[in-house]
Amino acid sequence: MVTATIISDNLALEEFTVAPPDNMELVDGQLVEKNGMTLKTGKIQLSLGEAWKNYKDSSGQGGEAYVEVPCRTNRQIRRPDVAYLTPELVAQFGNLATLPQSFPLVAEIVSPTDIAEDVFLKAQEYLESSCQEVWLVFPESHLIFVMTQNQILTFRSGDTASTQQILIGFSIDVDGLLG
């Protein structure tokens, strides 16, 4: 269940940006607690974050991989489940409490309590806010949607999902990640 507390003024937004509360997003002027994580979704979040981290290191692309850190979109303050920041953006913003834009690459692990329409709207929000690629991971359906400004790719059980624009060359076995 999602709980919400109303934020009443811009000062609260600035305070949120400087010292974001754990496990919270600022959505439509309301402080919303992110919950619904299960053991399975938590395991997938950790696995994908580690895979992105290991790949950015082994490929020499650098940057940083994160889980559950706040970023500002054009409309909200969000906490993507997994995110990747390029070396240039790490140098520019790496010490801030909240990234002042979307991460270039984000993943949302869809929990059993999430509404699919909301998840796709969140992906569009990221893409409208300087994000270049969004992964929507549906553990129960064994599906991964990779979205960019120009396309939506679907990876199923038996497929290998791969990045399209950011962290070039990364791929992961769908069954291995979601199994």
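Tutor: Contact here means heavy atoms within 4.5 Å. The model under discussion is predicted.

Student: Leaving aside its neighbours within four places in sequence, with which residues is L85 in contact?
Tutor: L85 is found in strand β7, which covers residues 82–85. Its sequence neighbours within four places are set aside. The residues in contact with L85 are then G63, E64, Y66, V90, L99, F103 and P104.

Student: Is L85 buried or exposed?
Tutor: Buried means under 20% relative accessible area. The relative accessible area of L85 is 2%, so this residue is buried.

Student: What distance separates the C-alpha atoms of L85 and G62?
Tutor: Along the chain, L85 and G62 are 23 residues apart. The separation of their C-alpha atoms is 8.9 Å.

Student: In what order do the strands of the open sheet of six strands lie?
Tutor: The pairing in this open sheet is mixed. Strands β4 (64–67) and β11 (152–156) each have a single partner strand, so they stand at the edges with one side left without a neighbour in the sheet. Neighbouring strands are turned by 15° against each other on average, direction ignored. The order is β4-β7-β8-β9-β10-β11.

Student: How many bridges join β9 to strand β10?
Tutor: Strands β9 and β10 (residues 143–147) run antiparallel. Among the residues involved, F138 has L143 in β10 as its bridge partner. The number of bridges joining β9 to β10 is five.

Student: Which strands does α4 touch as it packs on the sheet?
Tutor: The direction of α4 makes about 165° with that of β9. Within α4, the residues V119, K122, A123, E125, Y126 and L127 are buried. The strands touched by α4 are β8, β9 and β10.

Student: What distance does helix α4 reach from its first C-alpha to its last?
Tutor: Helix α4 spans residues 116–127 and has 12 residues. At 1.5 Å a residue, 16 Å is expected, and the model comes close to that value. The distance reached is 17 Å.

Student: Across which strands does α2 lie?
Tutor: Helix α2 runs at about 160° to β8, which comprises residues 105–109. The strands it lies across are β4, β7, β8 and β9.

Student: How many aromatic pairs are there, and what kind do Y55 and F170 form?
Tutor: The count comes to seven aromatic pairs. For Y55 and F170, the distance is 5.7 Å centre to centre and the angle between the planes is 70°. Planes over 60 degrees apart count as edge-to-face. The Y55 and F170 pair is therefore edge-to-face.

Student: Why does the pair of Y55 and F170 tie together parts that are apart in sequence?
Tutor: Y55 lies in helix α2 (residues 39–58), whereas F170 lies in the loop between β12 (160–162) and β13 (171–173). Y55 is partly exposed at 21% relative accessible area, while F170 is buried at 3%. Because the pair joins that helix to that loop, the parts it ties together are 115 residues apart in sequence.

Student: What kind of aromatic pair do W135 and F170 form?
Tutor: W135 lies in strand β9 (residues 133–138), so its pair with F170 ties together parts 35 residues apart in sequence. W135 counts as buried, at 0% relative accessibility. Ring pairs link W52, Y55, W135 and F170 into a cluster. With 6.0 Å centre to centre and 50° between the planes, the W135 and F170 pair is tilted.

Student: Over which residues does pLDDT stay under 50?
Tutor: The mean pLDDT of the chain is 87, and 80% of its residues reach 70 or more. Where pLDDT is low, the predicted coordinates should not be read in detail. The stretch with pLDDT under 50 is residues 1–11.

Technical notes: Residues are numbered from 1 along each chain as its sequence is written. This is a predicted model: local features need pLDDT of at least 70, side-chain atom pairs count only at pLDDT 80 or more; totals for chains, interfaces and linings use all residues. Side-chain values use heavy atoms; hydrogens and water are left out. Helices (H or I, at least four residues) and strands (E, at least two) are DSSP runs, numbered from the N terminus. Buried means under 20% relative accessible area, exposed over 50%, partly exposed in between (1.4 Å probe, protein chains only). Rings of Phe, Tyr and Trp (its six-membered ring) pair if their centres lie within 6.5 Å; planes under 30 degrees apart count as stacked, over 60 as edge-to-face and the rest as tilted. The expected span of a helix is 1.5 Å times one less than its number of residues. Two strands pair if DSSP finds at least two bridges between them. Axes are lines fitted to C-alpha atoms, for helices over the stretch in contact, and angles run from 0 to 180 degrees between N-to-C directions. pLDDT is the predictor's confidence in each residue, from 0 to 100.
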